[in-house]
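These entries record what I looked up in one structure. I took up the aromatic pairs, then a single residue, then an annotated region.

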Amino acid sequence: MPDSKHTALSRRSDTTRAAILHAARERFAADGYERATIRTIARDAGIDPSMVMRYYGSKEGLFAAAVAVDLKLPDLGPLPRDEIGSALVTHFLAMWEENEVLTALLRVGATNQAGAERMQGIFQEQLLPVARQACPDPEQVPVRAALTATQLLGMALTRYVLRLPPAVALSRQEIVAWLAPTVQRYLTAPNP
């Protein structure tokens, strides 16, 4: 029989975590990652800031736990096979330019284990199924999806996080023209 004191503490802990995550989602959405603070999120949740740190370790860890990312990836099934790379690059550019959460998550994923794990989860849950639609060899889906991610995340890192002037200066059409053939090849070409 479970210890009632332990059960009560566990319930209180779950309630506290839920309150922190709710407050964090609201605050990150309202203020963005950079302006949101642990102190403000704790105040919104009605708890001491030390509790946020106890459960999540850092602002980055909290962000990774709180953020929900739906890449809204297109269904590749109805597309002509030779348009897959272009469709994905075009889609990703639109997502990155309309959603500052992705940029913040990329920053956190590059510097924080919880953020990296969140990015890996997004890859596993969202990019792999799309790659599965295009890849000619089911055994190569994870590798081809990872290669595709190198291109898409590399562009996002240089354009939206590091803001390298040549990457920022490229138009969407130029980026699609450069990246789409590579993404296309990674997803659909025969095994080298």
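I first fixed the term: a residue counts as buried when its relative accessible area is under 20%, and as exposed when that area is over 50%. I also noted that the model is predicted.

Entry 1, aromatic pairs. I searched the whole structure and found three aromatic pairs. One of them joins Trp96 and Tyr160, with 6.1 Å centre to centre and 5 degrees between the planes, and is stacked. I placed Trp96 in helix α5 (residues 84-98) and Tyr160 in helix α8 (residues 141-161), so the pair ties together parts that are 64 residues apart in sequence. By the cut-off above, I recorded both Trp96 and Tyr160 as buried.

Entry 2, Thr188. I located Thr188 in helix α10, which covers residues 172-188. Is Thr188 buried, or is it exposed? I entered Thr188 as buried, because its relative accessibility is 16% and the cut-off for buried is under 20%. I then followed the side chain of Thr188 and found that it reaches the backbone oxygen of Gln184 at 2.7 Å. Setting aside neighbours within four places in sequence, I listed Arg81, Ile84, Ala134, Pro136 and Arg144 as contacts of Thr188.

Entry 3, the annotated region. I consulted the UniProt record, an unreviewed entry, which places the feature "DNA-binding region" at residues 37-56. In the model, I noted that the chain over residues 37-56 is 80% helix and 0% strand. The end C-alpha atoms of this stretch are 13 Å apart.

Note on methods: Residues are numbered from 1 along each chain as its sequence is written. This is a predicted model: local features need pLDDT of at least 70, side-chain atom pairs count only at pLDDT 80 or more; totals for chains, interfaces and linings use all residues. Side-chain values use heavy atoms; hydrogens and water are left out. Helices (H or I, at least four residues) and strands (E, at least two) are DSSP runs, numbered from the N terminus. Buried means under 20% relative accessible area, exposed over 50%, partly exposed in between (1.4 Å probe, protein chains only). A polar contact is a pair of N or O atoms within 3.5 Å; within protein, one must be able to donate a hydrogen and the other to accept it, and residues adjacent in sequence count only if both atoms are side-chain atoms. Contact means heavy atoms within 4.5 Å. Rings of Phe, Tyr and Trp (its six-membered ring) pair if their centres lie within 6.5 Å; planes under 30 degrees apart count as stacked, over 60 as edge-to-face and the rest as tilted. UniProt positions are given in the numbering used here, feature names are shortened, and annotations may be inferred rather than shown by experiment.
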